[in-house]
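Take a look at the fold below. This report walks through its parts in short steps.

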Amino acid sequence: MREQETISFTHGVARVLTREELRNIDAWQYAFSGKTKDHRFYEIVADTLDSKFEHHYLLLEDRAGKVRAIQPVFFVQQNLVEGIPALRAAVDAVRRRFPRFLTMRVLMVGNAAGEGHLSACARPIEAGVSPADPFAADTAAATGLVAPEDGEWVATALHEVLGVFARKSKASLIVFKDFPAQYRHTLRNLAVTDFTRVPSMPMTELKLDYTDFDHYVSTLGASTRKDLRRKFRRIAAAEPISVEVVTDLTPYVHEVYPFYLQVHERSPLKFERLTKEYLSNLGRRMPDRARFFIWRQNGKAIAFSVALVHEGTIYDDYLGLDYRVALDLHLYFYTLRDILSWSLTQGLQRYRSSPLNYQPKLHLGCDLYPLDLYVRHTNPVLNKVFRPVLKFLEPTRHDPVLKRFRNARELHG
């Protein structure tokens, strides 16, 4: 599809932009205002991640010519059975003869390296502007919160535009990727028409209502407390481990990046693969939010974590471990203790971690933080067939641990 092509919809027009063209759009700096992963994060992802992602930006204008949103989208060749381990052997056998079997070109709305959000361009309200001002609904408070009507305007516009864009770009599926459950009302019209909402692999969340880490442990079950104490005694008997918190990983990225790759390759589900450039740019371009934890033993790095901090919440996004020592030293639990302890001393109220590895998180008292996929086939006839099939393909169906969380019902709520 030719760049800068326009797509008309009922309430305005959409313009397709490249990453380079985005630099000249003033409204872009207000997209995702108030979100942890703001417009800077989307730039970092587009500039540094795997070339398998083909990034575009839909600039949505209303009839008056005002920019209401700039929604990042991307194309990717997606394996439809990625989240179903039981089918992998059979599918891999077929793919030896038909390499693209159950693989489709997908147009995704959202973020290639995190949860998705709608991108209403929220401008801070100027001093002296009354909240009752008719233009205030098109802006937002200095906190960056977007008025509900703006979100619904964007959702309605995307519903009309995406089908046209996907078909012209020869994509078979349209997916709103990993949108938090709070969007269910805003996106409700998608799910009652041609999109199917299914749960994605959720994040997890822990409220930090504790004075310190020991207080937190005291609230856990007896068997978990006993297991943690045993692990920490074993760690205490080893050589001391230190932790350093930095905002720029660049001086250390060559040292710790292999640890990220070790964890990534062990993961049963893979989507994005971080690069050294991503890790360096995250700290340099978002120093107000990026925090990197580096653990050392005898002066040598053995683990690191990538986190973002915003409005009282720490997002523990990626963990890298040196598996030559990680299991013996119980580094997953050791690093968690340090991150939670640091968060508590900083006065943070909430800890959120990325999807997967649910077994320990269940016993550590975490709740699920639901994320949703909204999926539609671009062929209306095939979409009617595809919608019931999605209920079987959705990834959470095949993880038995998720059903044991106390708020598991919220996945389908």
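How many bridges join strand S6 to S13, and in which sense do the two strands run? Strand S6 (residues 173–180) and S13 are joined by 6 bridges and run antiparallel. The model is a predicted one, and the sections below start from its overall make-up.

## Overall make-up

The protein contains 12 helices and 13 strands. It has 413 residues, and 54% of them count as buried.

Contacts often link distant parts of the sequence. Take the contacts between residues at least 6 apart in sequence: 74% of these join residues at least 24 apart.

## Strand S13 and its partners

Strand S13 covers residues 367–377. This strand is mostly covered, with 10 of its 11 residues buried. S6 pairs with S13. One residue pair shows how: Ile174 has Arg376 of S13 as its bridge partner.

Strand S7 (residues 196–207) also pairs with S13. The sense is again antiparallel, and there are 8 bridges. Here Thr196 has Val375 of S13 as its bridge partner.

## Asn383 in helix H12

Asn383 sits in helix H12, which spans residues 380–393. Is Asn383 buried or exposed? Asn383 is buried, because its relative accessible area is 5%, and the cut-off for buried is under 20%.

Leaving out residues up to four places away in sequence, Asn383 touches Asp194, Arg376 and His377. Arg376 has appeared already, as the bridge partner of Ile174.

## Helix H9 and helix H2

Helix H9 runs from residue 276 to residue 285, and helix H2 from 39 to 48. Their axes come within 9 Å and cross at roughly 155 degrees. How are H2 and H9 oriented to each other? They are roughly antiparallel, because angles over 145 degrees count that way. H2 passes H9 in a right-handed crossing.

On the H2 side, the contact uses Arg40, Phe41, Glu43, Ile44, Val45, Asp47 and Thr48. On the H9 side, the residues are Glu277, Tyr278, Asn281, Leu282 and Arg285. By class, this contact has 5 nonpolar, 2 polar and 5 charged residues.

## Helix H9 and helix H8

Helix H8 (residues 253–266) packs against H9 as well. The angle is about 120 degrees, and the axes are 10 Å apart. H8 and H9 are therefore oblique to each other. The crossing of H8 past H9 is right-handed. Val253, His254 and Tyr257 of H8 meet Lys276, Leu279 and Ser280 of H9. These residues divide into 3 nonpolar, 2 polar and 1 charged.

Which residues of H9 are buried? They are Tyr278, Leu279, Ser280, Leu282 and Gly283. The cover over the buried residues of H9 includes H2 and H8. It also includes strand S9 (290–297), strand S10 (300–310) and strand S11 (313–321). Two of the buried residues can be placed by their contacts. Tyr278 takes part in the contact with H2, and Leu279 takes part in the contact with H8.

## Helix H7 and helix H10

Helix H7 spans residues 222–236, and helix H10 spans residues 331–345. Their axes come within 10 Å and cross at roughly 95 degrees. That angle makes H7 roughly perpendicular to H10. Leu228, Lys231, Phe232 and Ile235 of H7 make the contact with Phe333, Tyr334 and Arg337 of H10. This contact has 5 nonpolar residues, no polar ones and 2 charged ones.

Arg229 is also found in H7. At a relative accessible area of 46%, Arg229 is partly exposed. Arg229 and Val217 are 12 residues apart in sequence. In space, they are 9.4 Å apart from C-alpha to C-alpha.

## Two loop residues with positive phi

Lys170 lies in the loop between helix H4 (148–168) and S6. Its phi is near 60 degrees, a positive value in a residue other than glycine. Lys170 is exposed, with a relative accessible area of 70%.

Asn357 lies in the loop between strand S12 (350–353) and helix H11 (358–363). Asn357 is not a glycine, yet it has a positive phi of about 55 degrees. Is Asn357 buried or partly exposed? With 42% relative accessibility, Asn357 counts as partly exposed.

Notes
Residues numbered from 1 in each chain as written. Predicted model: local features only at pLDDT ≥ 70, side-chain atom pairs only at ≥ 80, totals over all residues. Heavy atoms only, no water. Axes fitted to C-alpha atoms, helices over the stretch in contact; angles between N-to-C directions. Helix = DSSP H or I, 4+ residues; strand = E, 2+ residues; numbered from the N terminus. Parallel < 35°, antiparallel > 145°, perpendicular 65-115°, else oblique. Left-handed = near helix turned anticlockwise from the far one by under 90°. Contact = heavy atoms within 4.5 Å. Nonpolar A, V, L, I, M, F, W, Y, C, P; charged D, E, K, R; others polar. Buried < 20%, exposed > 50% of the residue type's maximum accessible area, 1.4 Å probe, protein only. Pairing = 2+ DSSP bridges.
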